[in-house]
Amino acid sequence: MKFYLETYGCQMNIYDSEIICSILLKSGFIKTSNLKKADIILLNTCSIREKPEKKIFNRLIKIKCFKKKKKQLKLGIVGCLATHYKKKLFEKLKFLDLIVGPDSYKQLPEIINKLKNNNKEIDVSLANKERYTNIIPKGVRNGISAFLSIMRGCDNMCTFCIVPYTRGREKSRNPNSILKECKLLYKKGYKEIILLGQNVDAYFWKKMKFFQLLELIAKTVPLMRIRFLTSYPSNITTNLLKVVKKYTNICKHFHLPLQSGSTRILSLMRRKYTVEEFLLIIKRIKTIIPDCSISSDIMTGFCTETQADHRETIRIMNLIKFNFSFMFKYSSRQGTYAYRKLKDNVPNSLKISRLNEIIRLQKSHSFYRLKQNIGTIQEVLIEGISKQDEKYYYGRNYKNDLIVFTKNKSKIGSYKKVKILKSTFTTLIGEILP
Ligand code: SF4
């Protein structure tokens with residue numbers, strides 16, 4: 001049976017798609033990148049916001065026409081949309097055959113086989129233990145940089161967020177299986193590992209905390225670069241900062257979602273920090289690792305957000321000047337506390353105008369941060385040939401800045417010194433040194 005898999009959403013979903021590939025290939029399924037040749041089409045979905053969800057539903061409507069042409073074709077939704085809507089999806093999308101949540105991928109071969117009897121199948125159970133410990137992901141990596149999930153789920157229950165419902169409670173992975181996967185990636189020629197977790201810094205296995213795991217990984221694969229995301233701000237400890245500072249192969253970059261610059265809004269969101277505490281965390285990071293980059297997630301228009309709250313976000317952004325941010329307008333997610341109890345009362349047009357304002361501001365901050373690199377020499381991991389101009393390579397420095405630079409005979413996957421000549425709003429431009 002041939003399967004076609006399409007992935008939406010975050011890095012965790014990309015990683016999960018690799019897990020799905022691994023499970024299906026091991027059970028004798030064949031992967032195809034041609035939708036028309038598939039016997040089963042799977043969409044690994046995201047439901048964090050309204051926009052990606054709409055995109056997936058539109059895609060499903062398009063894919064539906066393939067079923068008309070090929071009667072035996074099966075269509076399945078896996079990932080967060082599955083656990084968000086559960087069997088309601090069968091009511092909404094009559095042509096759907098399968099719904100499988102993020103903790104049930106091991107059952108996929110068995111579930112797909114059951115579809116032969118024209119049944120509809122669903123498994124959206126959530127686990128309290130990591131279920132993919134010994135599965136080596138396969139299929140969609142770029143050969144240089146690999147994702148590696150070390151924990152899943154979230155216990156924080158932010159009032160706007162659907163993740164604790166779609167991915168369940170926090171579950172960390174056995175460190176031995178993590179180290180085994182790191183060594184395997186090194187052996188296969190990968191140069192960089194990106195450790196993933198909804199709250200990566202909440203990793204906890206028996207007595208082992210995240211900073212201890214990170215140190216073990218840095219020592220186990222000293223020639224590989226290590227990145228990690230996403231960090232929950234109040235989990236950043238001095239021990240973690242000391243480990244990041246000590247090991248040259250750990251990248252000096254933190255992704256710390258601020259969400260809002262108003263303590264009143266943070267409290268409504270049930271974030272576990274005030275604005276003052278967030279600023280202290282930033283100060284502590286910059287004191288221990290002065291030359292690091294900090295990125296963030298910021299949301300506009302959360303329930304009851306006033307102009308004064310919005311001005312606070314602007315003020316905090318101006319104080320911190322994040323290297324970059326992912327910015328969104330709030331969309332209410334069915335099932336969350338905010339959906340049930342809070343008023344989504346900021347008009348959409350206001351959400352959009354506030355969003356546009358913070359996007360413009362962030363653009364100027366990114367430019368400000370990037371410009372500080374002009375004239376410096378950076379060690380860059382070459383990730384590939386620039387899509388805009390094949391006379392250039394692209395890659396990243398240890399702070400996660402994107403750099404486009406002149407090409408020579410250096411191999412993709414090697415580390416090279418690059419002199420930074422100029423900057424755009426998003427990218428550094430440089431020349432490779434001999
Ligand atoms: S920390 Fe909050 S926003 Fe992040 S995944 Fe958990 S509940 Fe969602």
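The following questions and answers concern a predicted model.

Me: Which strands stand at the edges of the open sheet with the order β14-β15-β16?
Reply: The sheet is built from 3 strands, and their pairing is parallel. One strand at each end of the order has a single partner, so one side of it is left without a neighbour in the sheet. The edge strands are β14 (253–255) and β16 (324–329).

Me: Which residue in β15 stands opposite His 255?
Reply: Strand β14 runs parallel to β15 (residues 293–300), and 3 bridges join them. Across this pairing, the residue in β15 opposite His 255 is Ser 295.

Me: How many disulfides does a search of the whole structure find?
Reply: A disulfide is a covalent bond between the sulfur atoms of two cysteines. For Cys 251, the closest cysteine sulfur belongs to Cys 292 and lies 12 Å away, which is too far for a bond. Over the whole structure, the number of disulfides found is 0.

Me: Is Cys 251 buried or exposed?
Reply: Residues count as buried under 20% relative accessible area. The relative accessible area of Cys 251 is 3%, so Cys 251 is buried.

Me: What arc do the buried residues of α11 cover around the axis?
Reply: Helix α11 comprises residues 275–288, and its buried residues are Val 275, Phe 278, Ile 281, Ile 282, Ile 285 and Ile 288. These residues lie on the same side of α11, because they cover an arc of only 160°.

Me: Which exposed residues does the face of α11 turned away from its buried side carry?
Reply: The buried residues of α11 are covered by elements including α9 (238–246), β14 and β15. The face turned away from that buried side carries the exposed residues Leu 280, Lys 283 and Thr 287.

Note on methods: Residues are numbered from 1 along each chain as its sequence is written. This is a predicted model: local features need pLDDT of at least 70, side-chain atom pairs count only at pLDDT 80 or more; totals for chains, interfaces and linings use all residues. Side-chain values use heavy atoms; hydrogens and water are left out. Two strands pair if DSSP finds at least two bridges between them. Helices (H or I, at least four residues) and strands (E, at least two) are DSSP runs, numbered from the N terminus. A disulfide is a pair of cysteine sulfur atoms within 2.5 Å. Buried means under 20% relative accessible area, exposed over 50%, partly exposed in between (1.4 Å probe, protein chains only). The expected span of a helix is 1.5 Å times one less than its number of residues. The arc is that of the directions from the helix axis to the C-beta atoms. Contact means heavy atoms within 4.5 Å.
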